[in-house]
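Work through the exercises below with the sequence and the coordinates at hand. Each task is followed by a solution in steps.

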Amino acid sequence: MTVKTAAATPHDPPLLAVLKGEHRDPPPVWLMRQAGRYLPEYRALRAEKGGFLELVYDADAACEITLQPLRRFKMDGAILFSDILIIPHGMGQHLTFGPGEGPQLSPPLASADWQGLTPNPEYFDRIYATVAKVRAALDPSVTMLGFAGSPWTIATYMVNGHGSKDQAETRALAYRDPAAFQSLIDAIVKATVIYLSGQIKAGAQAVQLFDSWAGSLSPAQFERWVIAPTASIVSQLMALHPDTPIIGFPKGAGAKLAAYAAETGVDAVGLDETLDPVWADSVLPADMPVQGNLDPLALLTGGAALEAAVTRIRTAFENRPHIFNLGHGIIKETPIAHVEALMELVRAPLQTGTRA
Ligand code: 1CP
């Protein structure tokens with residue numbers, strides 16, 4: 001059973017209309033991690049506030065950072081400035097972001113008892129305050145995007161305590177004790193529905209589920225730990241908020257992309273840069289909106305490489321609802337001039353006859 005999000009209305013801004021199945025040329029555009037370290041104004045505010053979590057839990061600062069890229073680049077979407085690890089933090093794990101290193105969660109669940117993990121609503125309330133502030137400040141032509149991590153990706157950080165190359169500890173736990181791991185996934189699903197529903201009530205017009213580590217699972221494990229929990233979140237959210245599209249971003253899904261698109265019920269799929277856009281176009285339903293999938297390294301490089309990559313993606317998706325984006329987050333060394341050039345390339349008329 002799939003409940004489909006309602007059709008676009010004439011009042012919907014372009015990005016939202018495309019998520020509801022409309023075709024727009026040129027495509028609307030936003031960039032994953034568009035708020036963040038490549039912007040000097042972000043680095044200045046982070047230094048002033050003293051740390052990453054100090055920014056995330058301060059609604060004025062988080063609102064300001066969400067809006068920073070829009071002042072420079074006129075994107076079609078504003079993504080809430082926060083982090084996927086707010087869910088484990090709200091569930092009681094200690095969270096730190098040291099300078100220049102990745103996040104640390106303690107104790108790692110691999111060496112702890114996680115029975116009875118339920119989120120403390122106070123943590124999420126501060127994020128909803130940011131969403132409300134951003135939405136109130138946004139031009140109505142810009143779509144406000146909320147987000148959360150997908151249960152599998154969140155679990156890898158909770159079990160391991162930090163990011164890891166191959167998520168081996170979490171994958172091993174899922175084989176060794178599937179019932180215990182299922183209880184963790186179920187707790188994250190429950191918290192995620194509360195959290196995303198809260199963001200939608202506060203003003204998010206669409207939400208994205210980031211599954212950054214979906215690519216590390218074998219097909220049967222992918223079905224159980226990526227597709228099934230995502231489908232559960234999607235069906236619960238769609239029952240609560242039938243007008244709010246959900247984007248799923250299963251990074252590294254590869255050949256499992258079509259099953260993910262068909263079985264989770266998400267309205268749109270985000271594609272990473274390893275996927276050939278022509279192939280993705282051929283395996284996805286013709287009316288399904290897609291988002292992506294410029295290689296962040298092509299943006300870092302700029303010039304002819306960037307131009308060719310943008311044309312190839314736009315051409316592959318010219319006949320379906322498409323939101324232009326990167327295949328993963330923007331790299332912090334990316335020159336601002338390259339982002340400016342990208343915005344022009346995405347909005348320029350597409351040369352016809354370029355499809356390979
Ligand atoms: O100032 C700093 O040093 C902090 C850098 C930073 C930023 C700007 C982190 C630490 N998180 C963020 C913001 C963030 N994270 C956003 C904001 C909105 C945007 O502009 O896109 C979003 C959507 C995220 C999502 C996120 N956090 C993901 C999923 C997407 C992805 O990139 O794969 C993941 C895996 C995280 C965890 C995380 N947070 C931060 C880091 C460095 C990491 C990765 C850690 C690791 O795996 O080692």
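The exercises cover a sheet, aromatic rings, charges over rings and two loop residues.

This is a predicted model, in which local features need pLDDT of at least 70, side-chain atom pairs count only at pLDDT 80 or more, and totals for chains, interfaces and linings use all residues. Residues are numbered from 1 along each chain as its sequence is written, and side-chain values use heavy atoms, with hydrogens and water left out.

**Exercise 1. Describe the open sheet and the helices α9 and α14 that pack on it.**

Step 1. Helices (H or I, at least four residues) and strands (E, at least two) are DSSP runs, numbered from the N terminus. Two strands pair if DSSP finds at least two bridges between them.

Step 2. The open sheet has seven strands, in the order β1-β4-β5-β6-β7-β8-β9, with parallel pairing. Its edges are β1 (77-79) and β9 (322-326), each of which pairs on one side only.

Step 3. Axes are lines fitted to C-alpha atoms, for helices over the stretch in contact, and angles run from 0 to 180 degrees between N-to-C directions. With direction ignored, neighbouring strands of this sheet are turned by 25° against each other on average.

Step 4. Contact means heavy atoms within 4.5 Å. Helix α9 (residues 178-202) packs on the sheet and touches β4 and β5, its direction making about 170° with that of β4. Helix α14 (residues 303-316) also packs on the sheet, where it touches β8 (290-294) and β9; its direction makes about 160° with that of β8.

**Exercise 2. Classify the ring pairs Phe 147 with Phe 210 and Phe 222 with Tyr 260.**

Step 1. Rings of Phe, Tyr and Trp (its six-membered ring) pair if their centres lie within 6.5 Å; planes under 30 degrees apart count as stacked, over 60 as edge-to-face and the rest as tilted. This rule gives 11 aromatic pairs.

Step 2. Phe 147 and Phe 210 are 5.4 Å apart centre to centre with 85° between the planes, an edge-to-face pair. Phe 147 belongs to strand β4 (residues 143-149) and Phe 210 to strand β5 (residues 206-211), 63 residues apart.

Step 3. For Phe 222 and Tyr 260 the centres are 6.5 Å apart and the planes stand at 55°, so the pair is tilted. Phe 222 is in helix α10 (residues 219-240) and Tyr 260 in helix α11 (residues 257-264), so the pair ties together parts 38 residues apart in sequence.

**Exercise 3. Which charged residues lie over the rings of Tyr 57 and Phe 222?**

Step 1. The criterion is NZ of Lys or CZ of Arg within 6 Å of the ring centre and within 35 degrees of the ring normal.

Step 2. Arg 126 lies over the face of Tyr 57, 4.5 Å from the ring centre. Over the ring of Phe 222 sits the charged end of Lys 256, at 5.2 Å from its centre.

**Exercise 4. Are Lys 20 and Pro 245 buried or exposed, and what does each touch?**

Step 1. Buried means under 20% relative accessible area, exposed over 50%, partly exposed in between (1.4 Å probe, protein chains only).

Step 2. Lys 20, in the loop between α1 (14-19) and α2 (40-49), has a relative accessible area of 17% and is therefore buried. Leaving aside neighbours within four places in sequence, its contacts include Thr 5, Asp 12, Asp 243 and Pro 245.

Step 3. Pro 245, in the loop between α10 and β6 (246-250), is buried because its relative accessible area is 0%. Not counting residues up to four places away in sequence, Pro 245 touches residues including Leu 16, Leu 19, Lys 20 and Asp 267.
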